[in-house]
Every structure is written in C-alpha cells, then in structure tokens.
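Please open the structure in your viewer and have the selection panel ready. This tour proceeds one selection at a time.

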4 protein chains.
Amino acid sequence: MTQTTLRAAVVGSTGYGGVELIRFLLGHPNVQVTSVISSSHAGTLLSDGFPHLTEIIVDELDAVDVDLIKSKADVVFTATPHGVSSALCPKLLDAGLKVVDLSGDFRLQSGELYEKWYKHQPADPAYLQKAVYGLAEVFGDDSKGAEFISNPGCYPTCTVLGLAPAVAAGWIDPATIIVDAKSGVSGAGRGLSQLVHYSEINENFLAYKVNKHQHVPEIEQTLSRIAGKPVVTTFTTHLVPMTRGILCTAYATLTDKRTDEDFIEMYRAYYKGRRFVRIRNKGKWPATKEVWGSNYCDIGFSVDERTGRVTIISVIDNLVKGAAGQAIQNLNLMMGWDEWAGLEFTPVYP
Amino acid sequence: MTQTTLRAAVVGSTGYGGVELIRFLLGHPNVQVTSVISSSHAGTLLSDGFPHLTEIIVDELDAVDVDLIKSKADVVFTATPHGVSSALCPKLLDAGLKVVDLSGDFRLQSGELYEKWYKHQPADPAYLQKAVYGLAEVFGDDSKGAEFISNPGCYPTCTVLGLAPAVAAGWIDPATIIVDAKSGVSGAGRGLSQLVHYSEINENFLAYKVNKHQHVPEIEQTLSRIAGKPVVTTFTTHLVPMTRGILCTAYATLTDKRTDEDFIEMYRAYYKGRRFVRIRNKGKWPATKEVWGSNYCDIGFSVDERTGRVTIISVIDNLVKGAAGQAIQNLNLMMGWDEWAGLEFTPVYP
Amino acid sequence: MTQTTLRAAVVGSTGYGGVELIRFLLGHPNVQVTSVISSSHAGTLLSDGFPHLTEIIVDELDAVDVDLIKSKADVVFTATPHGVSSALCPKLLDAGLKVVDLSGDFRLQSGELYEKWYKHQPADPAYLQKAVYGLAEVFGDDSKGAEFISNPGCYPTCTVLGLAPAVAAGWIDPATIIVDAKSGVSGAGRGLSQLVHYSEINENFLAYKVNKHQHVPEIEQTLSRIAGKPVVTTFTTHLVPMTRGILCTAYATLTDKRTDEDFIEMYRAYYKGRRFVRIRNKGKWPATKEVWGSNYCDIGFSVDERTGRVTIISVIDNLVKGAAGQAIQNLNLMMGWDEWAGLEFTPVYP
Amino acid sequence: MTQTTLRAAVVGSTGYGGVELIRFLLGHPNVQVTSVISSSHAGTLLSDGFPHLTEIIVDELDAVDVDLIKSKADVVFTATPHGVSSALCPKLLDAGLKVVDLSGDFRLQSGELYEKWYKHQPADPAYLQKAVYGLAEVFGDDSKGAEFISNPGCYPTCTVLGLAPAVAAGWIDPATIIVDAKSGVSGAGRGLSQLVHYSEINENFLAYKVNKHQHVPEIEQTLSRIAGKPVVTTFTTHLVPMTRGILCTAYATLTDKRTDEDFIEMYRAYYKGRRFVRIRNKGKWPATKEVWGSNYCDIGFSVDERTGRVTIISVIDNLVKGAAGQAIQNLNLMMGWDEWAGLEFTPVYP
C-alpha cells in the first residue's frame with residue numbers, strides 16, 4: 001500500500017464516543033492512533049477505565065496540550081462536552097490540525113439559537129463559519145477536502161436521513177412534521193446520574209426534555225435548508241432500556257397521493273451510491289438491532305390512505321452513525337478516501 | 001365481614017392475563033377463586049407451567065365446560081384469544097353467569113369493522129349490544145350493575161385516558177391526533193414467535209403493525225363517542241425491551257391558546273374522585289416503571305407555543321390497568337363495591 | 001378489627017430498602033406509617049424522588065430526630081448505611097422504641113470481625129448483645145417478643161436458608177461448602193457509581209469483591225452456630241443484569257449416600273409450617289423471577305452420584321425476603337402476630 | 001496481495017452460529033463466502049430472516065447438496081445441530097473438502113459417552129478419529145494443517161482456558177474442581193421455547209440441566225488429557241438475562257501455597273504468544289462485556305488463604321471465542337495463516 005498513514009488523536013477518550021472512535025480507528029487501513037487524550041485522566045492507562053482495551057491500547061493518556069497534539073497527530077477528533085469544544089477547536093485549527101468535532105458547539109450557525117438551547121456561550125463566529133456540517137448523504141460532499149468538520153448529532157442524523165428526500169421532493173408538508181424519537185442509554189454519556197442508574201432504567205421507558213432537547217434547532221436548521229424555507233417541528237425524545245440504538249418515528253401529511261412503493265423508489269434514487277443508507281422493502285420497518293455496531297441507517301415507510309399521512313421509521317446506532325462512525329466517514333471524505341474505508345462492519349446480530 | 005364471598009372462575013389461566021387475574025383475585029377481600037380453567041392444559045397443575053404459584057394454587061386446571069363453571073362460579077373472567085370469546089361468552093351469559101371478557105371480541109360495535117381489522121367472524125350482534133365497554137374513568141359508571149363487561153384493550157386504555165378530557169373539552173382538534181405507542185413484550189402474550197425470542201428483542205427497539213394494529217378501530221370508536229363526531233387517528237405501536245408497561249405519546253394541535261397548567265387543572269377536575277388516574281405536575285412526565293404492577297394511569301403534558309401543539313404522555317402497566325386490574329375494577333363496579341377493592345397495590349419500585 | 005394499630009417510622013426512606021418497606025407497611029393490616037425519614041432529603045416530598053408514590057405518600061420527609069420519632073412511632077425500621085445504624089439504634093432503643101435494623105451493624109457478634117470486614121468501628125457491645133438475629137425459619141422464634149432485631153443480610157438469608165437443614169442434619173461436610181451467589185443490581189443500593197451505570201451493566205455479567213464480601217463472616221457465623229463448630233466457606237458474589245433477585249448455587253460433599261428425594265423430604269420436614277420457604281420437586285430448580293416481589297425463598301436440589309456432591313439452588317427477592325419483607329416478618333414475630341401478616345403477596349409474574 | 005482467496009461455505013446459515021460465521025468471514029482478508037446454506041430455508045433470502053444482512057448477503061440460500069458445495073467451496077463450516085453433523089461431515093470430507101464442525105458430534109472420542117450425554121447415535125468411529133479437537137491455545141497447534149476440525153463447545157472453551165495452566169502445572173487438585181458457569185441466552189440457539197421467551201427470561205436468573213449438561217464429558221475429557229489422569233468435575237450451567245457472554249467461576253483446592261501473583265505469572269507464561277488470552281492484573285476480574293463481540297478469553301484470579309482454594313474467573317463471547325471466532329481461528333491454523341487473521345476485532349463497548 002503506497003498510502004501514507006495518517007496520525008490521529010482522540011480528545012475525550014474516556015467517554016463512550018471516544019472509545020468507539022478508537023475501536024474504529026484501530027481497524028482503519030489508513031490511520032494510526034498516535035495519542036489518546038483525556039483532561040480528567042491524563043497519566044493513567046485508558047484500559048484501567050476500559051478493560052476491554054487491555055493489551056490493545058497500552059500507552060498512557062495524554063493531557064490536552066495543543067503543542068503535544070500537534071507534534072503527534074495530523075487530525076484530531078474532539079469527543080468533548082458542549083462548551084469545551086468551542087474553546088479547544090479554534091486552537092487546534094490555528095495549529096494547522098485537521099479537526100472533526102463531535103460536540104454540538106459548531107452545528108448551529110446562529111450563536112443566539114445556540115445560547116438559547118444549550119445555555120452556553122456560543123463559539124467564535126469566525127470558526128462557526130469555517131465548520132462544515134458533515135451529513136454527507138444529504139449535503140452532497142461538503143465534507144470533501146474540508147479541514148474542519150462539525151459532526152452531526154445522533155438524533156438529527158437519524159431524523160434528517162429519514163426525512164430529507166421527502167422534504168426535498170416536496171412530498172410532505174414540512175409544517176406537519178412530528179418526530180417521536182427513542183434512544184438507548186449510551187446517548188446520555190458515561191457520566192453518572194440517577195437517570196442512568198441500572199435499577200431505575202431497566203424495565204422502564206420514559207420521555208425526557210419534551211420539546212426542550214438541544215437537538216431541536218439542529219434538526220430545524222437542517223430541514224429548513226433542505227426545504228428552502230423555515231421549518232418548525234415537534235420533537236420528543238424517549239429513553240429505551242437498552243445501551244445502543246436510535247429509532248425515529250416521523251409523521252407528516254402528504255402533499256399529494258403517494259404509495260409506499262413511490263417512497264421506496266424515490267428514496268433509493270436519492271441515496272443512490274450511498275451505501276450506508278438502506279431502504280427497506282414494502283411493509284418492512286427496520287429495528288435498531290439490525291444496524292447495531294455498524295454505520296448503517298435503515299429506513300422504512302407506511303403510507304396511510306385513511307389519514308393522508310406517511311409514517312417514516314429510521315434507525316441508527318447512536319454511537320456509530322450517530323457519532324464515531326459518521327466522524328470516520330467524514331475523515332474519509334476530508335482525505336479523499338473511499339467513504340466506507342474502515343467502516344465496512346457487518347452489524348452485530350444478535 | 002358480612003359480605004358474601006363471590007366465587008370467580010378464570011378461563012385462560014395459562015396466559016399472562018390469566019395469571020395476573022389470579023394474582024389480583026387471590027388478594028381481593030370479597031372474592032374466592034374457585035376454578036382455574038384452561039382448554040389446552042386441563043387436568044394438569046397450573047404451577048407446573050407457572051412455578052411462582054407453587055403451594056398457592058394447588059388445584060388442577062379445569063376444562064372449559066359451561067355446566068362445570070356454572071356449578072363452581074358466579075362470575076367468569078374470559079382471558080381467551082380473539083375468536084374464542086365470541087363463541088364462549090354468549091354461552092356463559094345464557095347460563096346466568098356474570099362475565100368480564102378481556103378479549104377484543106366485544107369491544108367494537110360494528111361487526112364489519114371487527115372483521116376488517118381482526119380477520120375473524122364477528123360475535124353475534126345481540127351479544128355485542130349487551131356488552132358494556134368498561135372504561136370507567138371515562139364513561140361514568142356504565143359498568144355499575146352490568147352483567148357483561150367488555151374490558152378495554154391495553155393500548156386503547158392508555159391512549160384514551162390520556163386524550164379523553166382534552167377531546168371532551170374541545171381543546172384539541174381531533175383530526176390532528178397522532179399517537180406513538182410503546183409496549184413491553186408481555187403485551188404480545190405467552191405464545192412463541194421469533195419476535196419474542198429473548199436474543200432478538202433484548203437490546204432492540206422496533207415498530208410493528210404500523211397503521212394496521214387491531215386496536216386502531218377501538219381507539220377511534222371511543223374517541224368518536226367522546227368527540228361526538230367521527231375521529232380518525234394515526235397510531236403506531238412499538239416493542240420495548242422490557243416485560244411490562246405501555247407509554248403513549250399523543251400529539252394534537254390546540255384549538256386555542258392553553259398552558260401546561262390549564263391542562264393539569266382541567267384533567268384533575270375531569271378525573272376527580274378517580275384514584276387510579278394521577279395527573280403529574282408541570283414539567284414532569286410519568287415513566288412506565290412508576291406504575292409497574294399497579295392499576296394506575298399517570299399522565300403529563302407539554303404545551304409547545306412554537307408549534308401550537310400539545311404533547312400528552314400517559315403510562316399504564318399493560319397487564320394491570322391494561323388487562324387484569326381494569327377487569328377487577330369492572331367487577332367491583334358490577335358488584336357495587338368500592339372501585340379500588342383488591343387493587344390498592346403500591347407500584348413495585350424499582 | 002379490635003387490633004390496635006401500630007405506628008411505624010422508616011429511617012432511610014429514600015433508599016431502595018426504605019421504599020420497599022413503605023410498600024409493605026402500607027398494605028399491612030395492623031400498621032400505620034406515621035413518619036418517613038431521611039437525613040439527606042428532610043423537608044422535601046418523598047414522591048419527588050420516587051414518583052411512583054405520588055398521591056400515596058403525601059407528607060414531607062422528617063429529619064432524623066429521636067424525640068420526634070418517639071412522638072410519632074412505636075417501632076422504627078432503620079434502613080440506614082453501615083456505620084449509621086450503629087450510632088442511631090442505641091438511641092432509639094434507649095428512647096423505648098422497638099427497632100428493626102436492616103444494616104449490617106448488629107449482625108456480627110464479634111466487633112473485631114466487623115471491623116475487619118466492614119472497615120468501620122463496631123457498635124457498642126452492650127447493644128450487639130441485645131440484638132436478636134432475625135432469621136426466623138432457622139432460629140426457631142428468637143424474634144418472638146424481641147425489642148431489637150438485626151435483620152439478616154440478603155446473601156446470608158438466601159445462602160443459609162439453602163444450607164441450614166443439610167448442615168443441621170450433618171448430611172454435608174461443612175468444610176467443603178462453596179457458595180456461588182448472583183444478585184440483581186438493586187442490591188448495590190441507589191447510590192451512583194460506574195458499576196451501576198446502565199450502559200455498563202446491561203448485557204454484562206461480572207464477579208465482584210471475590211472472597212472479600214462483608215457478608216462472608218455473617219454466613220460463617222450462622223453456619224457455625226447451626227453446625228456447632230467453626231465453618232469457613234468460599235463465597236463469590238456476581239452482578240446480574242436485572243434489578244431484583246438473588247440466586248445462590250451451593251456445593252458441598254455428602255457425608256453419606258443420599259438422593260434428591262431424601263433432601264426434599266428432609267427439607268420439607270425442617271421447614272414445616274414455615275410458609276415462606278417452598279421446596280421444589282425432584283429435577284426442578286427455582287428461578288429468581290418465581291419469587292419476584294414476594295417474601296418466598298424457593299429451594300431445589302441435585303445430588304450427583306458421580307462426584308458425591310450435592311448442588312443446592314436457593315432464590316429470594318433481595319429487596320423482600322432479603323430486606324424489607326423479612327423485616328416485616330420480624331415485626332410480626334416481635335408483636336405476636338401471624339408471621340405472614342401483610343406479606344401474603346403472590347410473586348409478580350412475568 | 002498474492003494470497004489466493006479461499007472459498008468458504010456455511011451450512012446452518014440461519015442459526016446464530018451461522019450468521020456470526022458470516023460476519024467474520026465477510027471481514028476475512030483471505031476468504032470469500034461463496035455459499036450460504038440452509039436445509040430449512042433453501043431458495044429464500046438470508047436477509048429475509050436476518051435483515052441486518054440486507055444488501056450485504058444478496059444471494060439465495062443453497063440447499064445442503066454435497067456436489068453443489070464441492071463445486072462452490074474449498075472449506076465448509078457446519079453450524080448444524082447435534083445429529084446432523086455426524087452424518088454430513090463424513091460426506092463432505094469424502095468429497096475432499098476441508099471441514100470445521102461447530103456441533104458436538106465429533107468432540108468426544110468415546111461414542112459410548114456421546115450416546116449417554118447427547119442421547120443420539122454417535123458418529124462413525126473412523127471419522128471421530130480424524131477429527132482434531134481445535135483448542136489451539138492448549139493443544140499446541142494440533143489444528144495446523146488439519147483437514148477436519150471439531151470446534152470446541154462454548155462452555156468447555158471458557159472452562160478449560162481458565163483451568164488448563166493450573167491443572168497442567170499441578171497447582172490445583174483436579175478432584176476438587178467445581179465450575180459454576182453462566183451464559184447469555186444466545187447459547188440456547190435461535191429455536192423457540194418457553195425458556196427463551198423474552199417475558200420469561202428478562203429480569204430472571206436460573207440454573208438449568210444441573211449436572212446433566214452435554215458439555216460435562218467434553219470438559220472432563222479435555223481436563224483429563226491435560227492432567228494425565230481421569231478428572232471428574234461438578235459443573236452447573238445458568239442462564240443470564242443477556243444475549244451474549246459466558247463467565248465461568250471455577251473453584252479448586254491448592255496443592256501448595258500460591259499467591260495471585262504466582263498464578264498471574266504462570267498463566268502469562270503458559271499463554272505467551274497467544275494473543276486471544278488476556279490475563280488480568282491482581283485484584284481484577286473480567287466482565288463478559290469486556291470481550292463482547294471479540295475472540296478474547298480474559299482470566300482473573302483470587303487465591304483465598306483462609307480456605308486454601310483458588311477462584312478462577314474466565315469470560316468469553318459464546319458466539320465468538322465459543323463458536324464462530326474460534327472456528328475462524330482454526331481455519332487460520334489449518335491454512336497456515338496468522339492465527340488472528342480476520343479476528344482482530346476490538347470488543348464492542350459499551
């Protein structure tokens with residue numbers, strides 16, 4: 001292989017997004033992980049907190065030090081919390097590093113909206129403008145050759161991949177969109193809270209942040225861009241007693257008479273060549289387990305003549321297509337590699 | 001206690017609804033279980049299939065024999081599959097027994113609709129007319145003194161209790177109602193299928209029977225009765241990797257400007273004196289585990305000014321309020337007892 | 001009812017043992033819960049942290065104040081952490097209250113052993129001596145009329161009920177006893193730790209505190225008392241991805257040739273009249289779910305001729321027979337009531 | 001790449017072992033899957049039953065036809081039930097195909113023992129003798145260059161990898177070995193039974209086939225070979241409410257005084273160069289999730305001075321190291337490839 005190996009660093013290695021990035025990067029043919037970084041655990045072994053990496057990652061965690069990162073890596077993945085990325089990414093970019101940011105800090109073009117929904121100071125507008133929103137299957141190939149990618153959120157990825165073709169085609173009335181989203185618990189991160197206590201969430205199902213989730217403006221910004229006009233949506237998030245997976249059930253009123261077959265054909269045309277999106281046959285809807293551990297987004301439909309509405313079901317693995325996998329996909333596009341390099345994992349079933 | 005003890009028989013004792021009925025009847029102060037009945041397992045011990053009943057139910061299972069039932073019982077609970085109840089209940093009624101039927105066979109007034117959604121022959125219209133639809137918190141006390149109760153379905157119970165006050169008050173436009181329902185696996189019964197295989201449904205979430213669930217016409221019939229005009233709804237069912245619990249997320253467009261507080265106050269007034277419905281405070285939405293093992297239905301709200309819609313979250317235990325518990329509640333009303341007799345279980349948490 | 005109602009207080013109401021005590025006390029015919037107490041949450045509503053108690057427990061949490069408790073209650077349940085009970089219980093006893101302590105502070109007669117395994121200062125020896133170890137099915141009725149009960153630990157209860165008859169009869173060699181114990185996650189309490197994070201323990205099984213668990217000396221003390229000579233055991237604890245339930249698999253070498261039937265007959269004789277212990281038939285072993293939510297301990301056997309060993313399987317619900325239920329049972333014995341008053345719950349299945 | 005690609009067929013593709021084999025073979029650098037075979041589903045699409053393979057496996061399932069297999073493949077994996085392999089494998093071998101059999105039909109050298117534990121006719125002794133028992137980390141490289149591999153059982157793999165070095169070194173008394181094994185539900189296969197119904201096994205833990213499991217003679221045969229004398233063991237199997245993973249807790253009496261450190265050092269020496277076995281540091285025991293989806297077997301120790309026993313904890317993913325992964329490892333050894341080719345998956349966590 002004549003390919004030069006790219007050196008990659010992961011900031012936030014002790015979170016779920018971070019270790020998932022490491023899993024994918026370790027299997028990537030063109031990449032070497034040269035630094036795993038954690039502000040809270042620098043100097044310790046990553047495998048102390050994540051024994052599944054025993055004898056796999058044997059180096060100590062580095063501190064967050066831009067000069068050190070610059071000396072070790074060509075590209076940096078920042079799997080850092082909201083409010084941390086907004087300060088760190090500009091420094092990394094200024095040092096000449098390529099950056100893929102997995103936080104929400106560079107997803108919203110409007111600092112005002114960011115402040116309203118995230119309750120944080122927004123990032124510097126100059127860097128907001130530089131950030132490319134990396135939803136490759138929808139926004140052509142904006143990511144190609146980019147230096148700085150803002151990786152989409154897990155809910156927006158699942159929601160928008162499910163709705164984009166229908167909105168773009170004008171087949172549904174954007175004003176009627178309602179998205180009922182359900183996520184596994186890993187989406188809440190590795191931090192501790194009563195909500196993620198096993199005894200509380202096992203054998204339990206609940207809604208949270210109803211009409212208040214910070215992914216709402218990201219979904220609306222993206223659907224508005226596709227629709228070419230402002231879109232406002234109703235979006236509800238629920239917690240499922242499982243670790244991984246997001247399923248979005250989206251409802252909208254049809255603008256004209258269409259069948260399941262129409263939707264299937266049109267979606268397959270829209271996503272032609274995009275192998276991470278799989279459109280299911282008539283009468284089949286995807287389950288989260290069918291994409292578990294993989295970068296796929298699967299989509300199914302049910303047109304209801306009685307109500308004139310379509311129900312669209314889309315699923316992803318929140319830690320893969322909703323985070324680490326999509327970040328690798330964006331890296332591939334940045335570098336001009338095959339979009340699926342290092343991502344050709346078959347879903348793990350059962 | 002001067003109360004005469006009522007003798008109860010349970011047909012379908014080897015299903016989940018049946019054993020749950022037995023659990024409640026055993027703890028009921030005015031009832032004695034005098035016959036546990038199973039067409040498929042007659043002559044064997046119930047505790048062979050359900051060892052949790054070891055030393056609790058020690059009699060053999062009886063066959064389905066109307067004369068035998070008549071000799072042993074005053075009231076019969078038929079926790080039998082669709083298509084079995086339609087034939088059995090008329091015979092039990094003709095024998096002078098009181099009947100609470102837990103199947104779907106007597107819930108729809110229209111035989112035509114039944115045939116369309118259930119793909120079975122409907123029951124004799126004469127008996128359809130005799131059946132009282134036992135949703136006590138909504139239909140006043142239709143069940144009081146009745147001889148034959150059709151116990152509501154699990155999804156309709158959760159859906160309608162969540163929507164009835166808003167529909168009755170005209171606060172939402174019935175034409176805009178969309179219900180996204182999620183159920184634990186016990187709702188699918190004890191029968192075997194690939195869908196309920198542990199390895200398939202654990203760590204999985206999926207939609208099923210989208211726009212095709214047989215509870216759709218029951219929900220529409222009931223909401224139409226409340227609205228005083230035909231209501232058509234979009235209704236989606238999902239399977240949650242847990243055993244018990246239903247959560248319904250209902251969406252509708254407001255007919256006028258209202259707040260969360262308005263909804264809370266109005267719902268509390270509507271359900272005044274109905275202790276099995278609990279309305280949550282502003283900003284709180286119920287989780288299924290908070291009613292686990294109990295006869296409660298808990299409800300919470302989120303009015304969204306941005307979209308002019310209200311989101312209503314309601315939860316029940318599908319085997320209790322959605323089946324056995326509501327059946328006992330109906331028995332209490334039939335007999336003129338306290339509505340909550342034998343049902344004052346605190347939810348089991350965690 | 002001519003029975004005077006006993007007034008009960010629960011200290012530690014915001015833990016899992018505490019809310020489970022409240023569930024049982026609310027259903028007890030002779031008891032009224034007059035004070036729910038929490039050092040950390042005094043002045044707030046219990047239902048804020050445990051919404052399943054909405055409209056059921058409506059009073060604010062009291063602080064831990066002995067005078068206040070004395071004014072409100074006749075008996076106190078202390079569901080408090082190790083190290084807290086040792087200081088609190090003497091004060092409650094001195095105030096003339098009856099006490100059932102659910103901590104480990106009064107279970108070991110030797111302060112030295114306590115210090116070694118619990119890494120805390122032991123309780124005052126005078127009070128250690130007053131504490132009656134409340135394992136009613138084994139120690140006849142020591143609890144009858146007692147003023148101060150030390151409620152056995154969850155693992156010791158399941159282990160000892162499984163082994164006591166065989167040890168007492170001399171059918172197994174106590175020196176060969178090995179106990180492999182498995183517990184649901186609620187046994188670890190409601191406190192937060194990485195170990196109880198849903199995403200870590202779901203779809204996971206692990207051993208913890210191998211040969212180090214603080215219940216080892218309690219098991220050995222109790223088995224030694226039964227054997228009439230010092231017993232040392234190997235005891236391993238594992239965490240199961242479920243909320244409730246303990247299953248102990250105990251292994252021991254037979255002292256003489258015996259069959260499954262011999263064991264079954266002998267155990268049934270030993271536990272005659274003790275309705276919370278159920279001995280299974282030959283070739284049947286209990287599952288944790290078959291006692292879920294109830295005060296039962298179920299036991300099964302497998303004698304292996306090839307190895308000359310017997311395998312004994314015993315199960316309990318750790319929060320009921322292993323904590324709150326057994327505490328109520330002890331209260332019943334203290335008061336001279338039926339042992340099963342308020343505890344006649346059928347296990348919840350499925 | 002100058003390597004010729006090996007053509008592989010999988011018989012039993014519609015079972016869990018079969019689809020897991022396909023997942024690994026698809027990622028193997030030297031192999032091409034040329035036929036997926038099912039006696040029960042020939043002519044249909046594999047992705048109809050396993051939608052996670054949509055657009056990944058697009059060919060129809062072949063029937064079990066030795067000539068057809070011979071024309072399409074060089075090596076065959078038989079993931080077929082006990083009793084099927086015994087008839088099929090000889091035919092495949094006679095046709096000149098290499099075979100890796102995942103059933104139990106060729107694991108026991110004694111047909112008599114097979115008949116006693118499996119309740120089937122044993123395989124032809126001539127072929128039993130040809131079968132190489134493929135436990136590479138223990139039996140040096142018996143698999144190297146072999147034509148016919150009998151792939152070890154899931155429980156025996158986990159048990160023997162945990163015990164082999166201690167038995168070989170004479171550090172434990174083989175007569176005292178007791179193994180308490182726990183498995184996820186996928187070990188029971190994809191077939192339907194009440195035992196694997198989600199509602200029955202969720203929130204449940206139980207023992208099954210106590211002293212009767214068909215893996216007992218395989219474990220004893222293998223330990224006897226290592227010990228150089230007959231070994232009889234006590235072995236108990238339990239079902240854990242999770243999909244994948246086996247944890248074995250093995251107990252044995254030390255023959256001499258040893259420490260945890262002694263065991264760790266000795267085991268690391270024994271498994272030197274075998275990268276799929278990882279020995280944990282002192283005081284650390286592996287959890288099943290830490291090897292989830294991977295071919296690792298992780299091992300930890302606890303020597304107890306008080307009892308003179310050692311407790312050894314070993315974990316594997318039952319579908320990988322306990323089935324499909326080990327089968328690929330054996331293929332690699334048969335072909336003279338790197339032992340870890342196509343198996344360098346990082347465990348999936350969380």
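The stops below concern two domains and the surface where they meet; the model is a predicted one.

**First stop: the two domains.** Select residues 6–130 of chain A, which the domain assignment gives as domain 1, and colour them; then select 155–318, given as domain 2, in another colour. The C-alpha centres of domain 1 of chain A and domain 2 of chain A are 27 Å apart. Each domain brings 14 residues to the contact between them.

**Second stop: the buried area.** Turn next to the boundary between the two colours. Between domain 1 of chain A and domain 2 of chain A, about 1200 Å² is buried, and carbon and sulfur atoms give 54% of this area. Now show A:Tyr16, A:Arg107 and A:Trp117 as sticks: these residues supply 48% of the area that domain 1 of chain A buries against domain 2 of chain A, more than any other three residues.

**Third stop: charged and polar pairs.** Keep A:Arg107 displayed and add A:Glu218. The two form a salt bridge, with their closest N and O atoms 3.4 Å apart. Across the interface of the two domains there are 2 salt bridges, and 6 residue pairs are in polar contact.

**Fourth stop: the helices of domain 1.** Which helices should be selected on the side of domain 1 of chain A that touches domain 2 of chain A? Select H1 (16–26) and H5 (111–118) of chain A, each of which supplies at least two residues of that side. The largest share, 4 residues, comes from H1(A). Finally, colour this side of domain 1 of chain A by class: 7 residues are nonpolar, 4 polar and 3 charged.

Methods:
Residues are numbered from 1 along each chain as its sequence is written. Chains are lettered from A and ligands numbered from 1 in the order in which they are written. This is a predicted model: local features need pLDDT of at least 70, side-chain atom pairs count only at pLDDT 80 or more; totals for chains, interfaces and linings use all residues. Side-chain values use heavy atoms; hydrogens and water are left out. Domain bounds come from an automatic or database domain assignment. Contact means heavy atoms within 4.5 Å. Buried area is the accessible area (1.4 Å probe) that two parts lose on being put together, summed over both. A salt bridge is a side-chain nitrogen of Lys or Arg within 4 Å of a carboxyl oxygen of Asp or Glu. A polar contact is a pair of N or O atoms within 3.5 Å; within protein, one must be able to donate a hydrogen and the other to accept it, and residues adjacent in sequence count only if both atoms are side-chain atoms. Ala, Val, Leu, Ile, Met, Phe, Trp, Tyr, Cys and Pro count as nonpolar, Asp, Glu, Lys and Arg as charged, and the others, Gly among them, as polar.
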